[in-house]
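Grab a pencil and work through these exercises with the model open beside you. Try each task before you read its solution.

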Amino acid sequence: MAEDKEWESSETTVAEFHKRIKEAFEVFDHESNNTVDVREIGTIIRSLGCCPSEGELHDLIADVEEEEPTGYIRLEKFLPVMTEVLLERRYRPIPEDILLRAFEVLDPAKRGFLTKEELVKYMTEEGEPFSQEEMEEMLSAAIDPESNSIHYKDYISMMVVDEN
């Protein structure tokens, strides 16, 4: 009996993941033809609570692209790959306390914020640099327009998804 319950919950999980993936995909399926622009895949994946690195994102796109890349991704190819990603809990967000420690390293004076200039410098010149598009997306969400800085504790609270 326990096996049956486990199977049922697994089936329910897969069905729920399929529903969530289709809903996220459809937001970007502007032609309603079960395809999205390949450039939207990262946004779709992040909207599903996953945080892949650029390298991981490129690998995932390679898995779902047609043999002859068209610039579009089909739902029928994306759905099984993304379902597997969600089932395996891949690309999970970094825990809040680790994010906070990372920001604190960038803020040795312990001010509780970084200026826009500091943030841009760290995100584009260090480690795996953000693209211009990623930087603009982050700045639009992170920067307080009044102080032109990022109060990182507030940003982390807003960014971290509550996993109930």
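## Exercises on a predicted model

The protein exposes about 10,900 Å², and carbon and sulfur atoms supply 52% of that area. Keep in mind that this is a predicted model.

**Exercise 1. Get your bearings: how many helices and strands are there, and in what order do the elements run?**

Step 1. Count the elements: you should get eight helices and four strands.

Step 2. Start at the N terminus and write down each element as you pass it. The order reads α-β-α-α-β-α-α-β-α-α-β-α.

Step 3. Add the dimensions. Along its principal axes, the C-alpha trace spans about 55 × 45 × 25 Å.

Step 4. Check how much is tucked away: of the 164 residues, 29% are buried.

Step 5. Look at the contacts between residues at least 6 apart in sequence. Of these, 60% join residues at least 24 apart.

**Exercise 2. Find L48 and decide: is it buried or exposed?**

Step 1. Locate it. L48 sits in the loop between α2 (41–47) and α3.

Step 2. Use the cut-off: a residue is buried when its relative accessible area is under 20%. L48 has 6%, so it counts as buried.

Step 3. See what surrounds it. Skipping neighbours within four places in sequence, L48 is in contact with R20, I21, A24, M82 and L86.

Step 4. Pick L86 from that list and check the spacing. L48 and L86 are 38 residues apart along the chain, yet their C-alpha atoms are separated by 8.4 Å.

**Exercise 3. Do the same for D107: where is it, and which residues is it in contact with?**

Step 1. Find the loop between α5 (96–106) and β3 (114–115); D107 is there.

Step 2. Read its accessibility. The relative accessible area of D107 is 0%, so this residue is buried.

Step 3. List its partners, again leaving out neighbours within four places in sequence. D107 is in contact with G112, F113, L114 and Y152.

**Exercise 4. Hunt for salt bridges: how many does the whole structure have?**

Step 1. Recall the idea. Side chains of opposite charge can pair when their charged atoms come close.

Step 2. Apply the cut-off: a side-chain nitrogen of Lys or Arg has to lie within 4 Å of a carboxyl oxygen of Asp or Glu. Searching the whole structure turns up ten salt bridges.

Step 3. Try R39 and D37. Their closest N and O atoms are 2.6 Å apart, and they form a salt bridge. Now compare the two ends: R39 is exposed at 66% relative accessibility, whereas D37 is buried at 17%.

Step 4. Try E76 and R74. These side chains meet in a salt bridge with an N to O distance of 3.6 Å. E76 counts as exposed at 58%, while R74 is partly exposed at 29%.

Step 5. Try R90 and E88. They form a salt bridge too, with the closest N and O atoms 2.8 Å apart. R90 is partly exposed at 27%, and E88 is partly exposed at 46%.

Step 6. Look around that last pair. E84, E88 and R90 are linked in a network of salt bridges.

**Exercise 5. Now for the charges as a whole: how far apart are the mean positions of the positive and negative ones?**

Step 1. Tally the charges: 17 positive and 41 negative.

Step 2. Take the mean position of each set. The two positions are 4 Å apart.

Step 3. Look for a negative patch on the surface. One is formed by E56, D59, D63 and E128.

Step 4. Zoom in on one member. E56 is found in helix α3 (residues 54–64), and its relative accessibility of 33% makes it partly exposed.

**Exercise 6. Check the backbone: what is the phi of R89, and what is the phi of N148?**

Step 1. Remember the background. Most residues other than glycine have a negative phi.

Step 2. Look at R89, in the loop between α4 (75–87) and α5. R89 is not a glycine, but its phi is positive, at about 55°.

Step 3. Move on to N148, in the loop between α7 (132–142) and β4 (149–150). Its phi is near 55°, again a positive value in a residue other than glycine.

Step 4. Finish with accessibility: N148 is partly exposed, at 34%.

Methods:
Residues numbered from 1 in each chain as written. Predicted model: local features only at pLDDT ≥ 70, side-chain atom pairs only at ≥ 80, totals over all residues. Heavy atoms only, no water. Helix = DSSP H or I, 4+ residues; strand = E, 2+ residues; numbered from the N terminus. Buried < 20%, exposed > 50% of the residue type's maximum accessible area, 1.4 Å probe, protein only. Contact = heavy atoms within 4.5 Å. Areas by Shrake-Rupley, 256 points an atom, 1.4 Å probe, with all protein chains shown as cover. Lys, Arg positive; Asp, Glu negative; His and termini not counted. Charge placed at Lys NZ, Arg CZ, Asp CG, Glu CD. Patch = residues over 30% accessible without salt bridge, like charges linked within 9 Å, V, L, I, M, F, W, Y side chains within 5 Å.
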